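Thank you all for making time this morning. I would like to walk you through one structure, so please have a look at it before I begin.

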Amino acid sequence: MRKMIRGAAALATAAAAFLALSGSADARPADDWAGCPYGAVCIYPQDQNPAVKPTHIFTSYGAHNLSNQYGNHWVLNNQYGGATASLCTGSGGAGCGAPIAQQRGVYANLTPINSITLNRP
């Protein structure tokens, strides 16, 4: 009887270890995108095309006011979980345009833009 219990315990331990290892093997690593950290929204220098190194990195939800941003810039949304970003003509997140979906970017004229929002899913 003891042999059978020990065998069952060993089998259960092996199964638990297999499940734990296979679960972590399926996890996808977080990736930076054109220098924009995973989970962030980034703005790149004027006319930098392609986007290489961001000048602004935003990581917290809510409105972020912009200043001295003129002409065309790449704005990359490297967030996850359905989070979006919006470019807004007013300060404090007022007058926002269409949301930028996660893992998407826009090449936009930031001259009329005064803030950017990071929106919870």
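When I say that two residues touch, or are in contact, I mean that they have heavy atoms within 4.5 Å. What you see is a predicted model, in which local features need pLDDT of at least 70 and side-chain atom pairs count only at pLDDT 80 or more, while totals for chains, interfaces and linings use all residues. Residues are numbered from 1 along each chain as its sequence is written, and side-chain values use heavy atoms, with hydrogens and water left out.

Let me start with the overall layout. The protein has one helix and seven strands, where helices (H or I, at least four residues) and strands (E, at least two) are DSSP runs numbered from the N terminus, and along the sequence they follow the pattern α-β-β-β-β-β-β-β. Of the contacts with a separation of 6 or more, 63% are between residues 24 or more positions apart. Buried residues, meaning those under 20% relative accessible area with a 1.4 Å probe and protein chains only, make up 29% of the 121 residues.

Now to the interior. A nonpolar core here is a set of buried Ala, Val, Leu, Ile, Met, Phe, Trp, Tyr and Cys residues joined through side-chain atoms within 4.5 Å. The largest one has 13 residues, of which I43, V75, L87, L110 and I116 touch the most other members, and the elements that give two or more residues to this core are β1 (41-43), β5 and β7 (115-119). Apart from it lies another core, of six residues, including C36, A40, C42 and A51.

Which residues does S86, in strand β5, touch? Leaving aside residues up to four places away in sequence, they are C96, G97, A98, P99, S115, I116, T117 and N119. S86 is buried, at 5% relative accessibility, and its side chain makes a polar contact of 3.2 Å with that of N119; a polar contact is a pair of N or O atoms within 3.5 Å, where within protein one must be able to donate a hydrogen and the other to accept it, and residues adjacent in sequence count only if both atoms are side-chain atoms.

Finally, N78 sits in the loop between β4 (72-77) and β5 (84-88), and N78 is buried too, with a relative accessible area of 1%. A polar atom of the N78 side chain lies 2.9 Å from the backbone oxygen of C36, and the backbone oxygen of P37 lies 3.3 Å from a polar atom of that side chain.

Notes: Buried < 20%, exposed > 50% of the residue type's maximum accessible area, 1.4 Å probe, protein only.
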